[in-house]
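The following exercises are to be worked through with the sequence and the structure in view. Each task sentence is followed by a solution in steps.

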Amino acid sequence: MAQKLPSDFLWGMATASYQIEGSPDADGRGPSIWDTFSHLPGKTLDGLTGDIATDSYRLRDQDIALLKQYGVKSYRFSISWSRVIPLGGRNDPINEKGIKWYSDLIDELLEAGIVPFVTLYHWDLPQALHDRYGGWLNKDEIVADFVNYARLCFERFGDRVKYWLTFNEPWCISILGYGRGVFAPGRSSDRTRSPEGDSRTEPWIVGHSVIVAHASAVKLYRDEFKSRQHGVIGITLNGDMALPWDDSEECRQAAQHALDVAIGWFADPVYLGHYPPFMRQFLGDRLPTFTPEEEKLVKGSSDFYGMNTYTTNLIRPGGDDEFQGNVQYTFTRPDGSQLGTQAHCAWLQTYPEGFRALLNYLWNRYHMPIYVTENGFAVKNENNMPLEQALKDTDRIEYFKGNCEALVKAVHEDGVDLRGYFPWSFLDNFEWADGYQTRFGVTYVDYATQKRYPKESAWFLVNWFKENVNSPKSSGEPRTSRIP
Ligand code: GBH
């Protein structure tokens with residue numbers, strides 16, 4: 001019989017505030033850059049916004065009941081900064097009603113036996129901070145304001161929250177928000193897209209601010225909260241596996257460059273204390289440098305490796321896309337075949353061997369315990385299917401089955417220290433610039449009624465984890481050392 005995962009393996013489902021909550025004006029919430037951006041013409045598919053989304057601000061009890069029915073051990077959600085500090089800044093008033101909403105959510109999760117896994121920043125910067133001083137472009141101001149916001153969250157929720165993520169996917173914040181301009185705040189050098197912005201410099205400046213803000217919040221937690229609250233804190237990075245397109249040395253090197261820019265840009269500073277040398281090489285002084293104090297602050301500033309991953313790309317040299325490390329991505333092998341099953345989004349194909357390879361790459365390079373904080377699949381044309389057909393999401397089941405089997409192999413055959421796994425997403429939701437056409441949920445949401453319908457993939461996951469995680473009482477389970 002196949003070996004099981006340890007009983008304290010944390011599995012759950014993930015969401016993010018702006019993608020599910022709706023109720024943008026409720027209880028004193030202030031606007032975020034995503035409210036502004038999604039309401040501008042031409043920024044999202046069909047011009048749709050997160051104004052209603054899955055209405056989860058109002059349907060909290062129902063969502064928790066469903067999570068409980070699924071039997072997840074944990075739920076990953078994010079806090080909307082502008083609900084708890086509507087204008088965002090350290091001298092701005094806090095909003096008790098917004099704080100209470102998250103406090104109640106946390107209490108209700110715990111009552112249902114579900115461990116909260118909380119992201120502080122999943123892309124919804126308070127608009128006032130962007131207007132006041134340029135948001136992430138202004139390192140000193142934004143770091144002070146982010147740390148103040150983090151402090152409020154630790155003070156109010158840290159007695160009950162033991163798993164913190166500072167940031168979700170800084171690559172997306174920087175590149176998609178300030179380079180390509182396809183996500184809020186939508187800045188780019190492309191003047192057909194944005195009246196202002198400089199894609200050559202801003203993404204790297206923003207990335208630097210995010211790293212320093214992350215490390216500063218972690219230092220605060222470790223210095224003032226950890227000894228009382230006993231939680232862990234880290235960052236979560238997006239990153240897909242990059243494999244050489246063929247066996248050539250050129251392709252091998254290109255694949256490493258792809259990993260350096262997609263992952264190493266943030267992971268190398270946080271775990272090793274410096275930017276990848278390759279990035280310094282091609283960006284020169286457009287890439288900021290860490291002061292000696294910053295370097296000390298940043299190195300070792302995450303208790304674990306938070307891993308968001310969706311797919312694998314085959315990499316060839318060439319092209320001039322700096323944001324990918326000047327290499328080309330493809331799913332087409334040299335013999336013309338496709339790597340895996342195509343998802344609704346162009347960037348996503350199923351490839352479990354790549355998922356396992358990435359777990360190994362990250363474990364070998366950074367030697368940190370890993371939580372997979374997002375992993376998921378959007379079924380082709382799922383949005384246009386009759387309900388019964390959409391609930392039979394066989395391509396998504398194939399995806400999760402492959403990756404679940406791969407993660408067991410990574411743990412038991414490869415020795416990767418993997419602590420948790422969070423499919424994206426609990427619910428179909430607002431898929432950013434792709435609006436509502438692309439569905440990542442294991443639960444179908446009928447937006448006309450806001451009724452939730454579990455897809456077969458939800459039950460697949462529920463049963464898979466039931467069968468493949470040791471029950472707490474089972475004897476003979478080796479005691480792995482947990483994060484101190
Ligand atoms: C995650 O990002 C997000 O955290 C989550 O909110 C989102 O709903 C989920 O994935 C599904 O998309 O061709 O330059 O546009 C995923 C990471 C990185 C995947 C960028 C798509 C496209 C790069 N994303 N990638 S580009």
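**Exercise 1: Strand 10 and its partners**

In this predicted model, strand 7 (residues 305-308) and strand 10 run parallel and are joined by four bridges. Determine which residue of strand 10 is the bridge partner of M307, which strand is joined to strand 10 by three bridges, and how many residues of strand 10 are buried.

*Solution.*
Step 1. Begin with strand 7: M307 has V372 in strand 10 as its bridge partner.
Step 2. Next, look for the three bridges: they join strand 10 to strand 11 (residues 418-421), and these two strands run parallel. Here Y371 stands opposite G420 in strand 11.
Step 3. Finally, apply the cut-off for burial, which is under 20% relative accessible area. Five of the five residues of strand 10 (residues 370-374) are buried, and the strand is thus described as mostly covered.

**Exercise 2: A residue in a helix**

Decide whether N360 is buried or exposed, and state with which residues N360 is in contact beyond its neighbours within four places in sequence.

*Solution.*
Step 1. Locate the residue: N360 belongs to helix 13 (residues 352-366).
Step 2. The relative accessible area of N360 is 17%; buried means under 20%, so N360 is buried.
Step 3. With the neighbours within four places in sequence left aside, N360 is in contact with D414 and V416.

**Exercise 3: An open sheet**

For the open sheet of three strands, give the strand order and explain why one side of strand 6 and of strand 9 is left without a neighbour in the sheet.

*Solution.*
Step 1. The order is 6-8-9, and the pairing is mixed.
Step 2. Strand 6 (241-244) and strand 9 (327-330) stand at the edges; each has a single partner strand, so one side of each has no neighbour in the sheet.
Step 3. On average, neighbouring strands of this sheet are turned by 40° against each other, direction ignored.
Step 4. Strand 8 (residues 312-317) and strand 9 run antiparallel, joined by four bridges; P317 stands opposite V327 in strand 9.
Step 5. Helix 10 (residues 249-272) lies across strand 6, strand 8 and strand 9, and runs at about 120° to strand 8.

**Exercise 4: The largest cavity**

State how much space lies in the largest cavity and which helix gives the most to its lining.

*Solution.*
Step 1. The largest cavity holds about 110 Å³ of space. Its lining has 16 residues, and I20, S56, Y75, W101 and L105 are the closest to its centre.
Step 2. Helix 3 gives the most to this lining, with four residues.
Step 3. By class, the lining has nine nonpolar, four polar and three charged residues.

Methods: Residues numbered from 1 in each chain as written. Predicted model: local features only at pLDDT ≥ 70, side-chain atom pairs only at ≥ 80, totals over all residues. Heavy atoms only, no water. 1 Å grid on protein atoms, 1.4 Å probe; cavity = no way out; pocket = protein on both sides within 12 Å on 5 of 7 lines; lining within 4 Å. Points joined across faces, edges and corners; volume = space filled by probe spheres on them. Nonpolar A, V, L, I, M, F, W, Y, C, P; charged D, E, K, R; others polar. Pairing = 2+ DSSP bridges. Axes fitted to C-alpha atoms, helices over the stretch in contact; angles between N-to-C directions. Contact = heavy atoms within 4.5 Å. Buried < 20%, exposed > 50% of the residue type's maximum accessible area, 1.4 Å probe, protein only.
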